[in-house]
Amino acid sequence: MYTSKINIKIRDTILDPQGKAVEHSLKSLGFNSVVDTRIGKYIELKIDARSEEDAKKITEETCRKLLANPVMEDYEYSVSKDGEDK
Amino acid sequence: MDHVKAGIVVFPGSNCDHDVYNVFKNTLKADTKFLWHKDTSIGDRNIIILPGGFSYGDYLRCGAIAKFSPLMNEVIKFAGNGGVVIGICNGFQVLCETGLLPGALLRNVNLKFVCKTVTLKVENNKSIFTGEYGIKEEIRIPIAHGEGNYFCDENTLTDLISNNQIIFTYINNPNGSIANIAGIQNVKRNVLGLMPHPERASEELLGNTDGYRFFKSVTESLL
């Protein structure tokens, strides 16, 4: 069994108003060193695959077909075999 | 309106389906049926409307899950064969997610769910959806959305403009939408998506009939 950890966020070139709102709050709390805030989503998949390569291929396909919208989002992921994740 | 056979698609979470049904059935006196998202055929319908609401709870992204419902495969085929498809609000989001229309709808720039009547400009009255309007006519139609901020890349926007695909724009942009876009059609001109709700402005009783001419235009085009 493999675990895919997928991070999806709005393209860097697109304004993320939610991130901006959170950033303003952080600044009002005194975190003046925070210069950028972007909010995305995290998705975890358990995949019953034969190899890590297969699990990666499946993960890529799930992102492309459903989990992310390429018009507005970027995604990245890591795949690890269960029990080996540190 | 015997020539009109309207199919209103109902997803779990659709909530403007009955409003659209009412316009077609009672105002336009058209043959109107609901189509359940699990149906595998659109039958004899010659116009399909994807209504507003929160299909599949807006999970993942607005409209993202709806595109995989069995009925949507048929709607995509129908549109591919030149069938008339309209997506209103969440329906517009579904059309973008399925790729029947370019671009995507992002969270409103002000992060607010905006629910009010706004002024739209009819940018193109040569479309099958807007024949009853004057060119550049300003009309009042309600909006109600949190994710209506239309976005596309620059090349797509250039195409939208040069192909006259932009049908409605906002006079005062309520959501940050690129080029003030409120509604667009596809290149083949048989699929339209718009964020505003013309079905909520189609009867004297509702105090506004600007939306009625939208439905009148498209149904007359089916003749």
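**Exercise 1. Determine whether B:Thr169 is buried, partly exposed or exposed, and describe its surroundings.**

Step 1. B:Thr169 has 19 other C-beta atoms within 10 Å, so B:Thr169 is partly exposed. The cut-offs are these: a residue is buried if 20 or more other C-beta atoms lie within 10 Å of its own, exposed if 12 or fewer, and partly exposed in between, with C-beta atoms placed from the backbone.

Step 2. The model is predicted: local features need pLDDT of at least 70, side-chain atom pairs count only at pLDDT 80 or more, and totals for chains, interfaces and linings use all residues. Residues are numbered from 1 along each chain as its sequence is written, while chains are lettered from A and ligands numbered from 1 in the order in which they are written.

Step 3. B:Thr169 belongs to strand β9 (residues 166-170) of chain B. Helices (H or I, at least four residues) and strands (E, at least two) are DSSP runs, numbered from the N terminus.

Step 4. Leaving aside residues up to four places away in sequence, B:Thr169 touches B:Leu120, B:Lys121, B:Glu123, B:Asn180, B:Ile181 and B:Ala182. Two residues are in contact if their C-beta atoms, placed from the backbone, lie within 7 Å.

Step 5. B:Glu138 is 31 residues from B:Thr169 in sequence, and their C-alpha atoms are 9.6 Å apart in space.

**Exercise 2. State which chain is as compact as a globular protein of its length and which is more spread out than a compact globule.**

Step 1. Chain B contains five helices and eleven strands. Its radius of gyration is 16 Å, close to the 17 Å that the globule rule gives for 223 residues, so chain B is as compact as a globular protein of that length. The radius is taken over C-alpha atoms, and the rule is 2.2 Å times the number of residues to the power 0.38.

Step 2. The C-alpha atoms of chain B fill a box of roughly 40 × 35 × 30 Å along the principal axes, and 52% of its 223 residues are buried.

Step 3. Chain A has two helices and three strands, in the order β-α-β-α-β from the N terminus. Its radius of gyration is 16 Å, well over the 12 Å that the globule rule gives for 86 residues, so chain A is more spread out than a compact globule.

Step 4. For chain A the box is roughly 50 × 30 × 15 Å along the principal axes, and buried residues make up 17% of its 86 residues.

**Exercise 3. Describe the order and pairing of the three strands in the sheet of chain A.**

Step 1. The open sheet has the order β2-β1-β3 with antiparallel pairing. Two strands pair if DSSP finds at least two bridges between them.

Step 2. At the edges are β2 (40-47) and β3 (73-81) of chain A, each pairing on one side only.

Step 3. Strand β1 (residues 2-10) of chain A is joined to β2(A) by eight bridges; A:Tyr2 stands opposite A:Ile47.

**Exercise 4. Identify which residues touch the most other members of the largest nonpolar core.**

Step 1. A nonpolar core is a set of buried Ala, Val, Leu, Ile, Met, Phe, Trp, Tyr and Cys residues joined through C-beta atoms within 7 Å.

Step 2. Among the 70 residues of the largest core, B:Val9, B:Ile49, B:Val75, B:Val85 and B:Ile88 touch the most other members. Helix α2 (residues 70-80) of chain B gives the largest share, five residues.

Step 3. A second, separate core of nine residues includes A:Tyr2, A:Ile6, A:Ala68 and A:Tyr77.
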